[in-house]
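Biologist: Could we go through this model together? I should like to begin with the overall fold and then turn to the interior and the surface.

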Amino acid sequence: DFTAIETEILEAMKSLKESSKKIKENKIFLHLMSFTRDIGNYLNKSRSCGFHLDYLSKLGQVKDTSTRKSLLYHINSKAVESGLETDHLLEQFGCLNLVCQTDYEKIKLNLKSLEEDCKDSLAFVKLASYDNETFKMVNDFLQYAAHKILAMRKVTELVLADFSNLLEWFGIPGHIHSEYTPMTLAQILTNFAKDVQEANIQLSSERNQGRILKKWSAGSMRRSHSSFDLGMKPNVTLSVPIDDQKSFSSSLENVLELAFAEKKRKNESKRVHSKKVSLVDCHGNLI
């Protein structure tokens with residue numbers, strides 16, 4: 001039982017320590033906080049340096065009046081446009097999962113209880129009537145456990161002190177640190193990451209629909225330009241006069257030669273007409 005308790009406590013402390021570090025270093029989270037502050041200042045016409053951490057859970061509830069999209073949707077869209085891959089935030093905050101499920105105040109109480117039990121057991125062993133071999137075995141184990149308990153107490157104090165620094169980094173005043181336990185903070189940030197993920201799903205869906213609509217519009221335009229606009233109704237076919245069918249049934253070269261000959265004939269006809277006109281004066285008499 002002691003080994004199981006030791007493992008549980010140390011894993012919880014390790015998770016909290018790593019989480020505190022990753023939160024401060026997470027660029028996606030930092031930029032989202034910056035966008036949230038800037039948009040909040042714009043909407044409120046203020047110049048605040050920060051905002052209450054609890055507001056993160058309300059960003060998905062505030063919606064604009066025109067599109068009925070949430071404030072978080074617009075913040076996330078702005079972040080994505082700037083090049084942030086916000087869809088990775090939930091994965092990067094995976095270290096908070098264990099913190100969300102751990103009551104660290106209970107761990108402190110359990111450690112204190114273990115320390116008292118170990119101290120009482122050491123005193124009891126000295127008064128008990130054991131043979132030398134049994135006494136040595138029990139006493140060695142209790143001393144080993146005592147060292148482990150003291151080490152875990154020190155680790156717990158250091159990790160929780162580091163967590164207090166994290167709360168100060170968030171700008172949370174010291175007199176309300178008790179309201180933001182590791183479990184509470186982890187749940188706020190994890191829920192925020194989940195909300196960002198949902199906003200990304202919505203954004204991705206809209207972009208896919210936009211691409212499909214654009215592709216459909218382009219296809220419709222190509223189809224409309226590929227048909228002849230001869231003032232005819234759709235599906236009306238062009239017919240070739242029977243006298244000309246024989247000509248058009250020949251090769252492409254022959255068709256071009258016929259067209260060239262027809263053009264040449266028309267040009268010669270125009271020249272002849274212009275010469276006749278030049279032989280008549282303004283009164284219609286021959287010159």
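Modeller: Helices and strands are taken as DSSP runs, at least four residues for a helix and at least two for a strand, numbered from the N terminus. On that basis, the elements of the protein chain run α-α-α-α-α-α-α-α-α-α from the N terminus on. Please note that this is a predicted model.

Biologist: How many helices and strands does the protein chain have?

Modeller: There are 10 helices and 0 strands.

Biologist: What share of contacts joins residues at least 24 apart?

Modeller: Among contacts between residues at least 6 apart in sequence, the share is 69%.

Biologist: And the interior: which residues of the largest nonpolar core touch the most other members?

Modeller: They are F29, L32, L89, F170, L189 and F192, out of 48 residues in that core. Elements giving two or more residues to this core include α1 (2-25), α2 (27-44) and α8 (182-225). The most comes from α7, with 8 residues.

Biologist: What is L32 in contact with?

Modeller: Leaving aside neighbours within four places in sequence, L32 contacts I75, A79, T86, L89, F192 and V196. Across the protein chain, buried residues make up 25% of the 287 residues.

Biologist: Turning to the surface, which residues make the nonpolar patch of about 300 Å²?

Modeller: F124, Y130 and F135 make that patch. F124 lies in helix α6.

Biologist: Is F124 buried or exposed?

Modeller: F124 is exposed, because its relative accessible area is 53% and the cut-off for exposed is over 50%.

Biologist: How much area does the whole protein chain expose?

Modeller: About 21100 Å², of which carbon and sulfur atoms supply 56%.

Notes. Residues numbered from 1 in each chain as written. Predicted model: local features only at pLDDT ≥ 70, side-chain atom pairs only at ≥ 80, totals over all residues. Heavy atoms only, no water. Core = buried A, V, L, I, M, F, W, Y, C linked by side-chain atoms within 4.5 Å. Buried < 20%, exposed > 50% of the residue type's maximum accessible area, 1.4 Å probe, protein only. Contact = heavy atoms within 4.5 Å. Patch = residues over 30% accessible without salt bridge, like charges linked within 9 Å, V, L, I, M, F, W, Y side chains within 5 Å. Areas by Shrake-Rupley, 256 points an atom, 1.4 Å probe, with all protein chains shown as cover. Salt bridge = Lys/Arg side-chain N within 4 Å of Asp/Glu carboxyl O.
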